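Opening the notebook on this one. I want to look up how the chains meet, what sits in the core and how the strands are laid out.

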Amino acid sequence: MTPEMIERFEGLAKQVSGFIYPNDLDIHWSIMIVLYPYLTGLVAGAFILASLVKVFNVKEVQPTYRLALLTALAFLLIAPLPLQMHLGHPERSYEIFLTPNPTSAMAMFGFVYLWYLMVVLLLEIWFAYRKDLILMAQNERGLMRWIHRALALFSTDVSDRAVAFDKKAVKAITIIGIPSAFLLHGYVGFIFGSIKANPWWSSVLMPIVFLFSAIVSGISLVILLYMVITPLRGEKIDMACLDRMSAFLFYAVIVDFSLEFLDFIHRLYESEESIKILSDLVLNKLILSLVVLQVLLGMVLPFVVMVLIRVFNLHEDLRRLLYFLSAILIQLGIFSTRWNVVIGGQMFSKSFRGLTTYKMELLGIEGLFTAMAVLVLPLIVLTVLVKILPPWESETAAAARSAQVRG
Amino acid sequence: MNRRHFLRQLLTPLVGAISGWIFGIRPAQGSTPEGEPPRSYGMGIDIEKCIGCGSCMTACIAENNVPQPFYYRTWVERYAVKHDGEVVVQLISKDGQPVRDELNERSVLRSFYVPKLCNHCEHPPCVQVCPVGATFQSPEGVVLVDDQRCIGCRYCIQACPYGARYLHPATMTADKCTFCYHRLAKDLLPACVEVCPTQARVFGDLESTASPLTRLIRMNKIHVLKDHLNTEPKVFYANLDGEVR
C-alpha cells in the first residue's frame, strides 16, 4: 500500500463507529457507480416520455419527442464511461462481451446495453429522422450535406409509401422499446437488488423502484432541457406540452413515492436482523442525503408544488417557474436516491455492527471533478446531436398539431 | 443360516472396521491414500481452543503477501460480553492485542475469539456475480480468483456476505483467502492451520471420514456463519456463540 493510501485509511479508521469487518473499511463502489444508475435512469425515463407520443398517441408532447430521443441517446453513449473509469483493469472490460458469465447480472450489461443502443434507440432515431435527413441534405452544401446523406444511409426515397413505412417502423420499435427501457433500468436495479449479502440493497422491489425513479428523472430532465433550450432558440414554450409532461411527471412521482414508502414500511414492519444497523445508517450517515435531499427536497416539496399547480388555476408564468423549480428539485432528489442506494449500501459493515464513511476525493479519476465532467459530457454530446439532427418541428407541423389537439 | 453365511455376516463388518482403522489414521493432508485429489476441502475452527494470539494472521500475511496494514485474508475477532449483556467486538492485531482498545476490561464478564476467513462456500455468491468468470471454484471446492482475468469491478466484494474479499491495491484485482492453494498442491496445510499453537484450526477433506476436520464436525456442535443465506460455508465452527455473525 502506498503512504497516501495508508494515510487515507488511517483517516477512515478514525471515523469508524462500532465493529466493522476489516476489509469493509473502504467504500468499494465510488461516486462513479452512483453516476451509472443515474445516467441510465435518465436514458430510460427520456425514452418512456418519447414513447408516450408514438404508442399512446399523446399529441401534446410531440414537441419534445425528438429531443427526448436525442437526450436518451446522448446519455446512453456516456453511461458506460463511469463504469469503465471505475474498473481496476479497464483494458479488460471487453471480456464482459467476449466471455460473459451467464449467472452474473452484471455480465448481461453488454447485451442489454447493445440491444438498447442498436436495436431500439439508433433504429428509432433513424426512422424518425430519415425523411428529414433526405430533405435537409437536398438543401445543403458541403460537409453537412454529406453528413446528413450518410446518416440517412444514402436512402433517397421520400415517397408517401416510404414515409408511411417509417412511421409504422417507429411505432413498432417504440413498442419493443418500452419493455427494453424497462429492462435497461430494471436490470440496473437487479444488480443491486439481487445482492443477498447486503440488506440495504436486497429487495425484490429494487428494480421497480429504480424503474419508476428513472421515469421520474427522465421526464423531469426533458422538461428542464425543453424549458432552457426553447427560450434560447427565441421560441415560445408550448404550455399544453409542458402541462401534459408535468402531469405525467406528477403521476410517476406518485407511483415512485408510493413504492419507496412501501419499501420503507415493509423493512420497518419486518424488522429483520439488519434493522438496527440500517436505522443507525439512516440516522447517522444519511440524514442529509436521504431525509433532507431525497425525501423532503427531492420528493415531498416538488410533489406539494405540483399539487398546488393542479389545485389552483395559476398564471402561465408562475406555472412555468414552479414546473422548472420542481424539475430541478426532482433531479436533485433522484441523484440523492442513487447516492443513498450505492454509497449508503456500503457505509455499514456486513458485520451489522458498525458504520464506516465515504471520503470523496476532489481530484483523481474517481473524484468530484471527474464526476462533474461525466455529468456535463452527455450535455455536450446532446448539443452536437441537436446541431446535426435538429429535433424541432417546423412551424406548419406545429400549427397542424395544435389544431388537431384543440379540435 | 449355514456356516458360510454366518462367517460372511461376521467377517464383513470386521474387515470393514479393520480397513477403516488402517486408513483412518492418516495425517491431515490434502491427498487421499491413492494420491488422487480430494473432493472437497474445508476448515474447522474450535472457538474454545482459540487464544487470540494472532499467529494465523502473521503467517497468512507472510505466506500470501497480503497488502498491509489494512487488508486481511484472515483475521481474528474478539467478542467481549459485558456484565450488562452488551457485546463489544474488537479486531485483534497480529500481536494478539485489540486494534482499538477502548474497552474497560473490568466490565467484561466473558470473552472469546473468532478467527474469520473466506468460507469457500458451496454456493458462493461471489462466483455467481463475477461478470467474466474470473472467480471460480476449483475441483476441490476452493474459491479462487484468476488475477489475469479479473477486471476489478468489485461486484464480488459486494456480494460476499463475510467481508472476505478486497481489491488488491497493487494488482487492482479482487483478492482473498485461497486456503493456501499453492501449499495444498504440495500436500502442505494452509499457513494459518500450520502455525496455530492450539490446533484451533483444522483442515481436511470433507469427503474423507479420516480427516481431523471430519472428526471435529462429528464430535462437536457445529455452526456456520450466516447460514440463512444458504451459501453453505465450508468453514465450520465448533462451540460458536450465537452473537457471532
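My entries below go from the interface to the core and then to a sheet.

**Before starting.** I am working with a predicted model, so every value here is computed from it.

**Interface.** I looked up the contacts between the chains first: 39 residues of chain B are in contact with 36 residues of chain A. On the chain B side, β3 (87-92), α3 (125-129), α4 (155-159) and β7 (166-167) each give two or more residues. The largest share is from α4(B), with four residues. I also sorted that side of chain B by class and got 27 nonpolar, eight polar and four charged residues.

**Core.** Next I pulled up the largest nonpolar core, which has 173 residues. Which members touch the most others? I found Val43(A), Ala46(A), Ala72(A) and Val222(A). Helix α2 of chain A, residues 31-55, gives the most to this core, 18 residues. I then checked Ala72(A): leaving out residues up to four places away in sequence, Ala72(A) touches Val43(A), Ala46(A), Phe47(A), Ala50(A) and Leu121(A).

**Sheet in chain B.** Back to β3(B), which I had met at the interface. I find an open, antiparallel sheet of three strands in the order β3-β2-β4. Strands β3 and β4 (108-117) are at the edges, each pairing on one side only. Ignoring direction, neighbouring strands are turned by 25 degrees against each other on average. Between β2(B), residues 74-82, and β3(B) I see six bridges, and Val81(B) stands opposite Val87(B).

**Helix over the sheet.** Last lookup: α2 of chain B (55-64) lies across β2 and β4 of that chain, and runs at about 160 degrees to β2(B).

How values were computed
Residues numbered from 1 in each chain as written. Chains lettered and ligands numbered in written order. Predicted model: local features only at pLDDT ≥ 70, side-chain atom pairs only at ≥ 80, totals over all residues. Contact = placed C-beta atoms within 7 Å. Nonpolar A, V, L, I, M, F, W, Y, C, P; charged D, E, K, R; others polar. Core = buried A, V, L, I, M, F, W, Y, C linked by C-beta atoms within 7 Å. Buried ≥ 20, exposed ≤ 12 C-beta atoms within 10 Å, placed from the backbone. Pairing = 2+ DSSP bridges. Axes fitted to C-alpha atoms, helices over the stretch in contact; angles between N-to-C directions.
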